[in-house]
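Colleague: I have a model open and would like a close look at a single spot in it. Could you take me through that spot slowly, and then show me how the rest of the chain is put together around it?

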Amino acid sequence: MNTNYLENNYLTLVGKVTGEKKFSHEIYGERFYVFNLEIPRLSGNSDMIPITVSERLIKEDTLQEGKKLLVKGQFRSYNSYENEKNRLILTVFAKDIVELNENEENDEENEMVKKDTVTNEVVLVGYICKKPIYRQTPFGREISDLLLAVNRAYNKSDYIPCIAWGRNARFCQNIEVGTQVKVVGRVQSRQYEKKHEDGTVETRVAYEVSVGSLEVIEEKDNTEEATTENQEAV
């Protein structure tokens, strides 16, 4: 099956640079940096999303604190081996970055952002690679945890954690491993506490896709398509 890797994993983010950029790695003389993009939620909170970007896409002052940026790219994962343990690391790989100047009313990119209120949207087409975990909170809210394998060029795959809510969560509990789905949602960050064997507690940040809509594209037995209703996370 032919795969368009630019269509099965793409996102658009609009936010402000927070903190300082850090050197990440170098490949064939091309240097890459990592920085955090602060993206506001409707609730008033914000998501802090890590962005990996090539030096060739930015100018010297592009990543200054407080700069407003439009980022287009892909949500990617890679394995990090620390203390003989494997850990999944998630980052947004930027393919294009545009500086937004809120004072320039006639700027084309600014006008696009003003007309389109979406400041955090990701689209993924991939395969369910672990049995979804369905649960209910003490307040009765339904949640399903998914792990999506999204194919990338050169026989690579990105493994993206997703979280579904409400009717989507109820639907996901019956999806079989290997089912191909299309997910539209937003990238979110959340803090959690990791308890170590020695009793110490470490605060970490997890990144995942909060599912807004989910569509089954192709089931393992090639049965007819099924679609869940859009369910926006509250």
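The spot I have in mind is Glu30: which residues does Glu30 touch, not counting residues up to four places away in sequence?

Modeller: Happy to. Leaving out residues up to four places away in sequence, Glu30 touches His25, Ser54, Glu55 and Arg56. Please keep in mind that this is a predicted model.

Let's stay with Ser54 for a moment. Glu30 and Ser54 are 24 residues apart in sequence, yet their C-alpha atoms are 7.0 Å apart in space. Their side chains make a polar contact with each other, at 2.5 Å. As for its setting, Glu30 belongs to strand S2. Glu30 counts as buried because its relative accessibility is 19%, and the cut-off for buried is under 20%.

Just before strand S2 comes a loop that deserves a look. Tyr28 lies in this loop, between strand S1 (9-27) and strand S2 (30-40). Its phi is positive, about 50°, although Tyr28 is not a glycine. Tyr28 is classed as exposed because its relative accessibility is 84%. There is a second tyrosine to set beside it: Tyr154, in the loop between strand S8 (142-152) and strand S9 (156-165). Tyr154 is not a glycine either, and has a positive phi of about 65°. With a relative accessible area of 77%, Tyr154 is exposed.

The loop around Tyr28 also brings us to a charged pair. Arg31 and Glu26 meet through their side chains in a salt bridge, 3.6 Å from N to O. Arg31 counts as partly exposed, at 30% relative accessibility, and Glu26 is partly exposed as well, with 45%. Side chains of opposite charge can pair when their charged atoms come close.

In total, the structure holds twelve salt bridges. Another of them joins Lys67 to Asp61, with the closest N and O atoms 3.7 Å apart. Lys67 has a relative accessible area of 22% and is therefore partly exposed; Asp61 counts as partly exposed too, at 31%. A further salt bridge runs between Asp145 and Arg135, whose closest N and O atoms are 2.3 Å apart. This pair links distant parts of the chain, with Asp145 in strand S8 and Arg135 in strand S7 (residues 133-136), ten residues apart. Asp145 is partly exposed at 26% relative accessibility, and Arg135 is partly exposed at 35%. Salt bridges that share partners also join Lys59, Asp61, Lys67 and Glu99 into one network.

Strand S2 (30-40) has a nonpolar side to its story as well, told by Phe35. The largest nonpolar core has 37 residues, and Phe35 is among those with the most contacts inside it, together with Leu13, Ile51, Val71 and Phe75. Strand S11 (residues 201-218) gives the most to this core, with five residues. Setting aside neighbours within four places in sequence, Phe35 is in contact with Val17, Lys21, Ile49, Pro50, Ile51, Val53, Leu63, Leu69 and Ile97. In soluble globular proteins, nonpolar side chains tend to be buried together.

Stepping back to the whole chain, there are two helices and twelve strands. Along the sequence they follow the pattern β-β-β-β-β-α-β-β-β-β-α-β-β-β. Of the 234 residues, 39% count as buried. Among contacts between residues at least 6 apart in sequence, 60% join residues at least 24 apart. The accessible surface comes to about 14,400 Å², and carbon and sulfur atoms account for 45% of that surface.

Finally, a word on the cysteines. The structure holds zero disulfides. Why does Cys129 not bond to the closest cysteine sulfur? That sulfur is in Cys162, 9.5 Å from the sulfur of Cys129, which is too far for a bond. The sulfur of Cys172 also has its closest cysteine sulfur in Cys162, and at 9.0 Å that is too far for a bond as well. For reference, a disulfide needs the two sulfur atoms within 2.5 Å. Cys129 counts as partly exposed at 28% relative accessibility, whereas Cys172 is buried, with a relative accessible area of 0%.

Terms used. Residues numbered from 1 in each chain as written. Predicted model: local features only at pLDDT ≥ 70, side-chain atom pairs only at ≥ 80, totals over all residues. Heavy atoms only, no water. Helix = DSSP H or I, 4+ residues; strand = E, 2+ residues; numbered from the N terminus. Buried < 20%, exposed > 50% of the residue type's maximum accessible area, 1.4 Å probe, protein only. Contact = heavy atoms within 4.5 Å. Areas by Shrake-Rupley, 256 points an atom, 1.4 Å probe, with all protein chains shown as cover. Core = buried A, V, L, I, M, F, W, Y, C linked by side-chain atoms within 4.5 Å. Salt bridge = Lys/Arg side-chain N within 4 Å of Asp/Glu carboxyl O. Polar contact = N/O pair within 3.5 Å; in protein donor to acceptor, adjacent residues only side chain to side chain.
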